Amino acid sequence: MTTQTVLGFDFGTKSIGIAVGQNITYQASPVQAVKANDGIPNWDTIEQIIKKWNPTLLVVGLPLNMDGTEQPLTQRARKFANRLNGRFGIKTELQDERLTTTDAKARLYELGGYKKLAKNQIDAVSAVLIVESYFENQFGG
């Protein structure tokens, strides 16, 4: 199996969490959260991160309602994924992210209590969970 580096994005209108993972371990690590202005990130920062990690795939979390229906943010996340693909020419997939923020808060709390629950950490750990759930869906990781 070829090593595949995946960058995951937890899209938000104020912040976009980013994580990196590999299909060899099926695990991901938080990279950082990038500030966004109404959903628009600093594309230069995104480009630097992409150059640093050289991913073969980008995975963007798709925010859905618990019943699977779309919400206002769903279309914006799709648009962000399309922009990533158009700008960087890297294959981009969408991953259902229904429980990632809740799971991220629970995971951070386990690691160190409420003091660890900084917003940028939650976004980056949410991105970790997006990547890991993508691997589970793809490879049964």
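I24 comes out as partly exposed in this predicted model, with a relative accessible area of 45%. That puts the residue in the middle band, because partly exposed covers the range between buried, under 20%, and exposed, over 50%. I24 sits in the loop between β2 and β3. Along the chain, I24 and T5 are 19 residues apart, yet their C-alpha atoms are separated by 9.0 Å.

The loop between β2 and β3 also holds Y26. Y26 is partly exposed too, at a relative accessible area of 25%. Its backbone is worth a look: phi of Y26 is positive, near 60 degrees, and the residue is not a glycine. Most residues other than glycine have a negative phi. N54 goes against that trend as well, with a positive phi of about 50 degrees although it is not a glycine. This residue follows α1 and belongs to the loop between α1 and β5. N54 is exposed, its relative accessible area being 60%.

Now for α1 itself, the helix that spans residues 43-53. Its buried residues are W43, I46, I49 and I50. Looking down the axis of α1, these buried residues fall within an arc of 120 degrees, so they line one face of the helix. The spacing fits a simple rule: an α-helix has 3.6 residues a turn, so residues three or four places apart point the same way. On the face turned away from the buried side, α1 carries the exposed residues D44, Q48, K51 and K52. What lies over the buried residues of α1 includes the strands β1 (5-10), β2 (15-22), β3 (27-37), β4 (40-41) and β5 (57-62), along with the helix α2 (72-88). At the start of α1, a side-chain oxygen of N42 comes to within 2.9 Å of the backbone nitrogen of D44.

One of the buried residues of α1, I46, turns up again in the largest nonpolar core, which has 21 residues. Together with L7, F9, V60, F80 and L84, I46 is among the members that touch the most other members. This core draws at least two residues from each of β1, β2, β3, α1, β5 and α2. Leaving out residues up to four places away in sequence, L84 touches F9, W43, I46, L58, V60, G89 and T92. There is also a second, separate core, made of 11 residues, and its members include A19, V59, A127 and V128.

Terms used. Residues numbered from 1 in each chain as written. Predicted model: local features only at pLDDT ≥ 70, side-chain atom pairs only at ≥ 80, totals over all residues. Heavy atoms only, no water. Buried < 20%, exposed > 50% of the residue type's maximum accessible area, 1.4 Å probe, protein only. Helix = DSSP H or I, 4+ residues; strand = E, 2+ residues; numbered from the N terminus. Arc of directions from axis to C-beta. Contact = heavy atoms within 4.5 Å. Polar contact = N/O pair within 3.5 Å; in protein donor to acceptor, adjacent residues only side chain to side chain. Core = buried A, V, L, I, M, F, W, Y, C linked by side-chain atoms within 4.5 Å.
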